[in-house]
Amino acid sequence: MELKNQADNIFYNNKKFKMNSALHNLIMQIKNGKKSGLKMIQINGNLSNICIDILNILQNEGYIEKFKQNTKKNIIITTIYLKYKQNGQSNITSITKISKPSCLIFSTSSLLWQIKSGLGLFIVSTSKGILTCNDARLLNVGGKVLYSIV
(Lines give C-alpha, C1' and ligand atoms only; values in the text may rest on other atoms or scores of the structure.)
Protein backbone atom coordinates (compact mmCIF):
# COMPACT_ATOMS: atom_id res chain seq x y z
CA MET A 1 0.00 0.00 0.00
CA GLU A 2 1.90 3.00 -1.27
CA LEU A 3 0.66 6.56 -0.71
CA LYS A 4 2.44 9.57 -2.20
CA ASN A 5 1.18 13.14 -2.23
CA GLN A 6 2.62 15.25 -5.03
CA ALA A 7 1.09 18.71 -5.51
CA ASP A 8 -2.59 18.19 -6.28
CA ASN A 9 -2.31 14.50 -7.12
CA ILE A 10 -2.55 11.51 -4.85
CA PHE A 11 -1.00 8.23 -5.91
CA TYR A 12 -2.41 5.05 -4.38
CA ASN A 13 -0.82 1.79 -5.58
CA ASN A 14 0.68 3.71 -8.52
CA LYS A 15 -2.78 4.91 -9.64
CA LYS A 16 -3.29 8.65 -9.92
CA PHE A 17 -6.32 10.30 -8.29
CA LYS A 18 -6.86 14.02 -8.95
CA MET A 19 -7.87 16.06 -5.90
CA ASN A 20 -9.07 19.64 -5.75
CA SER A 21 -6.95 20.88 -2.91
CA ALA A 22 -6.96 24.58 -3.83
CA LEU A 23 -10.09 25.26 -1.77
CA HIS A 24 -8.79 23.28 1.20
CA ASN A 25 -5.44 25.09 0.94
CA LEU A 26 -7.22 28.48 0.90
CA ILE A 27 -9.25 27.70 4.01
CA MET A 28 -6.20 26.33 5.86
CA GLN A 29 -4.17 29.44 4.96
CA ILE A 30 -6.94 31.66 6.37
CA LYS A 31 -7.21 29.54 9.55
CA ASN A 32 -3.44 29.58 10.11
CA GLY A 33 -3.21 33.31 9.42
CA LYS A 34 -5.99 33.95 11.92
CA LYS A 35 -4.31 31.83 14.59
CA SER A 36 -1.00 33.62 14.00
CA GLY A 37 -2.57 37.06 14.11
CA LEU A 38 -1.43 37.95 10.59
CA LYS A 39 -2.98 40.94 8.86
CA MET A 40 -2.15 39.66 5.38
CA ILE A 41 -1.82 36.24 3.72
CA GLN A 42 -0.25 35.58 0.33
CA ILE A 43 -1.07 32.51 -1.75
CA ASN A 44 1.04 31.70 -4.81
CA GLY A 45 -0.60 30.14 -7.82
CA ASN A 46 -3.86 30.48 -9.64
CA LEU A 47 -6.98 30.06 -7.50
CA SER A 48 -10.03 28.29 -8.88
CA ASN A 49 -13.32 30.09 -9.50
CA ILE A 50 -14.78 28.44 -6.38
CA CYS A 51 -12.00 29.94 -4.26
CA ILE A 52 -12.62 33.39 -5.75
CA ASP A 53 -16.38 33.04 -5.10
CA ILE A 54 -15.73 32.10 -1.47
CA LEU A 55 -13.33 35.04 -1.05
CA ASN A 56 -16.02 37.36 -2.47
CA ILE A 57 -18.53 35.97 0.04
CA LEU A 58 -16.08 36.41 2.93
CA GLN A 59 -15.45 40.00 1.85
CA ASN A 60 -19.14 40.86 1.37
CA GLU A 61 -20.07 39.35 4.75
CA GLY A 62 -17.28 41.25 6.54
CA TYR A 63 -15.03 38.34 7.49
CA ILE A 64 -12.04 39.60 5.50
CA GLU A 65 -11.02 43.17 4.68
CA LYS A 66 -10.31 42.59 0.97
CA PHE A 67 -8.34 40.44 -1.44
CA LYS A 68 -6.49 41.17 -4.64
CA GLN A 69 -4.60 39.23 -7.28
CA ASN A 70 -1.32 40.41 -8.81
CA THR A 71 0.92 38.85 -11.43
CA LYS A 72 4.68 38.78 -10.95
CA LYS A 73 6.84 36.97 -13.50
CA ASN A 74 3.85 34.93 -14.78
CA ILE A 75 2.96 33.80 -11.24
CA ILE A 76 -0.39 34.87 -9.82
CA ILE A 77 -0.17 35.97 -6.20
CA THR A 78 -3.39 36.36 -4.22
CA THR A 79 -3.16 38.64 -1.21
CA ILE A 80 -5.88 38.31 1.45
CA TYR A 81 -6.22 40.99 4.13
CA LEU A 82 -7.76 39.57 7.30
CA LYS A 83 -10.15 41.67 9.35
CA TYR A 84 -9.89 42.08 13.11
CA LYS A 85 -12.14 43.68 15.72
CA GLN A 86 -11.01 46.62 17.87
CA ASN A 87 -10.02 44.28 20.70
CA GLY A 88 -7.67 42.38 18.37
CA GLN A 89 -9.83 39.28 17.85
CA SER A 90 -10.38 37.99 14.34
CA ASN A 91 -13.79 38.38 12.73
CA ILE A 92 -13.56 34.68 11.87
CA THR A 93 -14.01 32.62 15.02
CA SER A 94 -14.05 29.27 13.25
CA ILE A 95 -14.31 27.75 9.78
CA THR A 96 -15.62 24.19 9.74
CA LYS A 97 -15.78 21.90 6.73
CA ILE A 98 -19.24 20.33 6.57
CA SER A 99 -19.23 18.17 3.44
CA LYS A 100 -16.33 15.77 3.14
CA PRO A 101 -15.60 13.29 0.36
CA SER A 102 -16.64 10.47 2.70
CA CYS A 103 -19.84 12.19 3.84
CA LEU A 104 -21.51 14.68 1.51
CA ILE A 105 -24.17 16.87 3.15
CA PHE A 106 -26.91 18.23 0.90
CA SER A 107 -29.76 20.48 1.96
CA THR A 108 -32.96 21.72 0.39
CA SER A 109 -33.78 25.42 0.44
CA SER A 110 -36.34 24.91 3.21
CA LEU A 111 -33.78 23.23 5.49
CA LEU A 112 -31.03 25.83 5.18
CA TRP A 113 -30.55 27.51 8.53
CA GLN A 114 -28.35 30.12 10.19
CA ILE A 115 -25.82 29.48 12.91
CA LYS A 116 -26.53 30.94 16.36
CA SER A 117 -29.33 33.29 15.32
CA GLY A 118 -27.53 35.03 12.49
CA LEU A 119 -24.04 35.21 13.97
CA GLY A 120 -22.57 32.98 11.26
CA LEU A 121 -23.31 31.54 7.87
CA PHE A 122 -23.11 28.45 5.73
CA ILE A 123 -21.47 28.43 2.30
CA VAL A 124 -23.47 26.30 -0.11
CA SER A 125 -22.59 25.02 -3.58
CA THR A 126 -25.80 25.29 -5.64
CA SER A 127 -26.82 25.13 -9.27
CA LYS A 128 -26.71 28.96 -9.21
CA GLY A 129 -23.09 28.97 -7.98
CA ILE A 130 -21.45 29.34 -4.57
CA LEU A 131 -23.90 31.15 -2.26
CA THR A 132 -24.48 31.91 1.40
CA CYS A 133 -27.36 30.09 3.07
CA ASN A 134 -29.42 33.31 3.07
CA ASP A 135 -28.94 33.87 -0.67
CA ALA A 136 -29.75 30.22 -1.41
CA ARG A 137 -32.94 30.52 0.64
CA LEU A 138 -33.94 33.71 -1.23
CA LEU A 139 -33.34 32.03 -4.60
CA ASN A 140 -35.14 28.88 -3.36
CA VAL A 141 -32.27 26.54 -4.25
CA GLY A 142 -30.56 23.87 -2.21
CA GLY A 143 -27.19 22.25 -2.63
CA LYS A 144 -24.10 20.84 -1.00
CA VAL A 145 -23.19 22.56 2.27
CA LEU A 146 -19.43 23.24 2.09
CA TYR A 147 -18.40 25.26 5.17
CA SER A 148 -19.82 26.93 8.24
CA ILE A 149 -18.22 30.21 9.26
CA VAL A 150 -18.70 31.82 12.65
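Residues are taken to be in contact when their heavy atoms lie within 4.5 Å. On this basis, Thr 79 in the predicted model touches Met 40, Ile 41, Gln 42, Lys 66, Phe 67 and Lys 68, with residues up to four places away in sequence left out of the count. Thr 79 belongs to strand E6. Its relative accessibility is 3%, and because burial is assigned under 20%, Thr 79 counts as buried.

The protein as a whole contains three helices and 11 strands. From the start of the sequence to its end, these elements follow the pattern β-β-β-α-β-α-β-β-β-β-β-β-α-β. The protein has 150 residues, of which 35% count as buried. About 9,600 Å² of the protein is exposed, and 50% of that area is supplied by carbon and sulfur atoms. Among contacts between residues at least 6 apart in sequence, 55% join residues at least 24 apart.

Confidence in the prediction was examined along the chain. The mean pLDDT of the protein is 83, with 83% of the residues at 70 or more. Over residues 1-19, by contrast, the pLDDT is below 50, although this stretch has 26 contacts in the model beyond near neighbours in sequence.

Strand E6, which holds Thr 79, is part of an open sheet of three strands. The strand order in this sheet is E4-E6-E5, and the pairing is antiparallel. Strand E4 (40-44) and strand E5 each have a single partner strand and stand at the edges, so one side of each is left without a neighbour in the sheet. Neighbouring strands of the sheet are turned against each other by 20° on average, with direction ignored. The antiparallel strands E4 and E6 are joined by five bridges. Within this pair, Met 40 stands opposite Tyr 81 in E6; Met 40 is also one of the residues touched by Thr 79.

Two helices pack on this sheet. Helix H1 touches E4 and E6, and its direction makes about 155° with that of E4. Helix H2 touches E5 and E6, and the direction of H2 makes about 145° with that of E5.

Helix H2 spans residues 49-60 and has 12 residues. The distance from its first C-alpha to its last is 16 Å, close to the 16 Å expected at 1.5 Å a residue. The buried residues of H2 are Cys 51, Ile 52, Ile 54, Leu 55, Ile 57 and Leu 58. These buried residues pack against helix H1 (22-36) and against several strands, namely E5 (64-72), E6 (75-82), E9, E10 (129-132) and E11 (143-149). After the helix comes Gly 62, which has a positive phi near 85°.

A second glycine was examined in the loop between strand E8 (106-107) and strand E9 (121-126), where Gly 120 is found. The relative accessible area of Gly 120 is 9%, and this residue is therefore classed as buried, the limit being under 20%. The C-alpha atom of Gly 120 is separated by 7.3 Å from that of Ser 148, a residue 28 positions apart from Gly 120 along the chain.

How values were computed
Residues are numbered from 1 along each chain as its sequence is written. This is a predicted model: local features need pLDDT of at least 70, side-chain atom pairs count only at pLDDT 80 or more; totals for chains, interfaces and linings use all residues. Side-chain values use heavy atoms; hydrogens and water are left out. Helices (H or I, at least four residues) and strands (E, at least two) are DSSP runs, numbered from the N terminus. Buried means under 20% relative accessible area, exposed over 50%, partly exposed in between (1.4 Å probe, protein chains only). Accessible areas come from the Shrake-Rupley method with a 1.4 Å probe; for residues, only the protein chains shown count as cover. The expected span of a helix is 1.5 Å times one less than its number of residues. Two strands pair if DSSP finds at least two bridges between them. Axes are lines fitted to C-alpha atoms, for helices over the stretch in contact, and angles run from 0 to 180 degrees between N-to-C directions. pLDDT is the predictor's confidence in each residue, from 0 to 100.
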